[in-house]
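Dear colleague,

I am passing a structure on to you, as you will be working with it from here. Please look it over first; my account of the findings comes after it.

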Amino acid sequence: EEEEEEEEEDAGRRQRMERYTSRSGYDGGRKGNLASEYHDSDFDWMELREEAEKILSSKEEGNHERERGGDDEKDGGIEKLGDQGKAWEKFHNKVNSTAKFFKEKRYILQEFPALLEENVLEVCEFGCGNGSTVIPILKGNPLARVTAMDFSESAVEHTRQAVEREGFESARCTVMTRDLSSGVVVEEEGGSGEEGKFDAVLMVFFLSAVPPPKMDKAIGNALHLLKPGGRVFFRDYGMFDLTQLRFPQDQKLGSKLYHRGDNTLSYFFTLEDLAAKFEGEGFETVETDYACVELYNRKKDFEMRRVFAHGVFRKPLR
């Protein structure tokens, strides 16, 4: 009987591995510059919601003594974590000192093919990290110039080095340290902050790291820097993502807001919440959706259901 159980377990493991490799196109060798496929509907978000709500509810029931408030916009717990810019600087200076924590996001041009359009010449990324999004854009769109911003000096330096390693001309990428959630962003120190330069603004796992009371300022800066008709391309953590379900209850700050052990924030967006935030600052919603991606950890034989919030928002022509 034990042998039969082991054979069934091995067979199940092989089936999960075969399903993943056939879906991802990964055969164990090196991947090319772009992901072989882009996946966003590996499972149904509504079905996950039923299961996830039970998990989150059970956590709250077991932690009545440390139950936190549900107002993500006003929760005072954020202030106790200290300056978020300093927290991310510490992360990029120590944890991500080798600039290998974030892998190159090869899927980004498949999720947002509009970035390959010939009229998308000036791109600005909010929260460039180690350049994992900048590099695919420079490779995929040879006409594009990218301005990469981050409030961590170490992150900006990681991006600068990544661009240099890839051999791109310095004129194609400008990197700078900016607090994108405070005041009007200007491209140069002492500059006028003239609006309307960029065709596209990228927010990829950026807004979830901004304290909710400051999200409007970051979105307002995107509106300020875009040309009329310019678009924001957005990808971030979605409600009921696996990472949300794994957070300990004592790291919960609100219904959608948590803090990590290093005091950086993690916010999980619903589509309604996401659209309301951008429309509240003057954007038009082009599209929003949940990207539901199933990943497989071969080492632990574990299937992971990840949820990401996807959105495209346009600055009105007038």
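The notes below deal with charged pairs and then with one threonine.

Please bear in mind that this is a predicted model. A search of the whole structure finds 12 salt bridges, and three among them are described here. As general background, side chains of opposite charge can pair when their charged atoms come close.

**A pair within one helix**

R49 and E53 form a salt bridge, with 3.0 Å between the closest N and O atoms. Both residues belong to helix α2, which covers residues 45–61. They are 4 residues apart, about one turn of the helix. R49 counts as partly exposed because its relative accessibility is 33%. E53 is likewise partly exposed, at 37% relative accessibility.

**A pair between distant parts of the chain**

E117 forms a salt bridge with R231, and here the closest N and O atoms are 3.1 Å apart. This pair links distant parts of the chain, 114 residues apart. E117 is in the loop between α5 (108–111) and β1 (122–126), whereas R231 is in strand β5, residues 226–237. The two partners also fall into separate accessibility classes: E117 is partly exposed, with a relative accessible area of 31%, while R231 has 18% relative accessibility and therefore counts as buried, the cut-off being under 20%.

**A pair between two strands**

R145 forms a salt bridge with E122, the closest N and O atoms lying 3.0 Å apart. R145 lies in strand β2 (residues 145–150) and E122 in strand β1, so the salt bridge ties together parts that are 23 residues apart in sequence. With a relative accessibility of 24%, R145 counts as partly exposed. E122, at 17%, counts as buried.

**A buried threonine**

Finally, I would draw your attention to T264. Where does T264 lie? T264 is found in the loop between β6 (257–259) and β7 (265–267). Is T264 buried or exposed? Its relative accessibility is 0%, so T264 counts as buried. The side chain of T264 makes a polar contact with the side chain of D262, at 2.7 Å.

In viewing the model, you may wish to begin with the R49 and E53 salt bridge in helix α2, then turn to the E117 and R231 salt bridge, and end with the loop that holds T264.

With kind regards

Methods: Residues are numbered from 1 along each chain as its sequence is written. This is a predicted model: local features need pLDDT of at least 70, side-chain atom pairs count only at pLDDT 80 or more; totals for chains, interfaces and linings use all residues. Side-chain values use heavy atoms; hydrogens and water are left out. Buried means under 20% relative accessible area, exposed over 50%, partly exposed in between (1.4 Å probe, protein chains only). A polar contact is a pair of N or O atoms within 3.5 Å; within protein, one must be able to donate a hydrogen and the other to accept it, and residues adjacent in sequence count only if both atoms are side-chain atoms. A salt bridge is a side-chain nitrogen of Lys or Arg within 4 Å of a carboxyl oxygen of Asp or Glu.
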